[in-house]
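Subject: Structure handover

Hello,

Here is the structure I said I would pass on. Please look it over before reading the notes underneath.

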Amino acid sequence: MTRRLTVAERLASAEKDLLLTDIADQSEWSQFLVMQAVLAFGAEHKTFSCNQLREVLPDLGHGFLGAAINALRQGRVIEHTGQYVPSTSPATHGHPIAVWTLSVKGSAIAEQRRNRAARTEAA
């Protein structure tokens, strides 16, 4: 027998679903830009967390950060280091968040981008 949710739990769940819907309704372009920013940041730093990314992203990007990290992880562009740091976001009350690094695939993509940029500058 499953436990019934309380009214408060149902309302919290409904609000969470509405927030997820709002994020999903945002432009795919915005999420793509955040993914590009994460890749660029990862190319410049050996490891990184969402704490560091939130510091450099505009406020608009914060809502897409989790989705971008998840998409890059699923695409095997970034990988978890096995380390965690406390979140600096007040909304998360310091819960642990993952530390990431570029994967071999992500490093290859970053290298291709650097080479392309160098060729463009030389031209």
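The notes below cover an aromatic pair, one strand residue and a surface patch.

Please keep in mind that this is a predicted model.

Aromatic pair

The count of aromatic pairs comes to one. It is formed by Phe 41 and Phe 48, whose ring centres are 6.2 Å apart. The planes of these two rings stand at 80°, and planes over 60 degrees apart count as edge-to-face, so the pair is assigned to that class. Phe 41 has a relative accessible area of 14%, and Phe 48 has 0%. Buried means under 20%, so Phe 41 is buried, and Phe 48 is buried as well.

Strand 1

Strand 1 covers residues 48-49, and Ser 49 lies in it. Is Ser 49 buried or exposed? Its relative accessibility is 4%, so Ser 49 counts as buried. Leaving aside residues up to four places away in sequence, Ser 49 touches Val 85, Ile 97 and Ala 98.

Surface patch

Which residues make the nonpolar surface patch? Trp 29, Phe 32 and Leu 33 do, and the patch has an area of about 330 Å². Leu 33 belongs to helix 2, which runs over residues 28-44. With a relative accessibility of 42%, Leu 33 counts as partly exposed. Patch residues need over 30% relative accessible area, so Leu 33 meets that cut-off.

Regards

Key:
Residues are numbered from 1 along each chain as its sequence is written. This is a predicted model: local features need pLDDT of at least 70, side-chain atom pairs count only at pLDDT 80 or more; totals for chains, interfaces and linings use all residues. Side-chain values use heavy atoms; hydrogens and water are left out. Rings of Phe, Tyr and Trp (its six-membered ring) pair if their centres lie within 6.5 Å; planes under 30 degrees apart count as stacked, over 60 as edge-to-face and the rest as tilted. Buried means under 20% relative accessible area, exposed over 50%, partly exposed in between (1.4 Å probe, protein chains only). Helices (H or I, at least four residues) and strands (E, at least two) are DSSP runs, numbered from the N terminus. Contact means heavy atoms within 4.5 Å. Patches are made of residues with over 30% relative accessible area and no salt bridge: like charges are joined within 9 Å, nonpolar side chains (Val, Leu, Ile, Met, Phe, Trp, Tyr) within 5 Å. Accessible areas come from the Shrake-Rupley method with a 1.4 Å probe; for residues, only the protein chains shown count as cover. A salt bridge is a side-chain nitrogen of Lys or Arg within 4 Å of a carboxyl oxygen of Asp or Glu.
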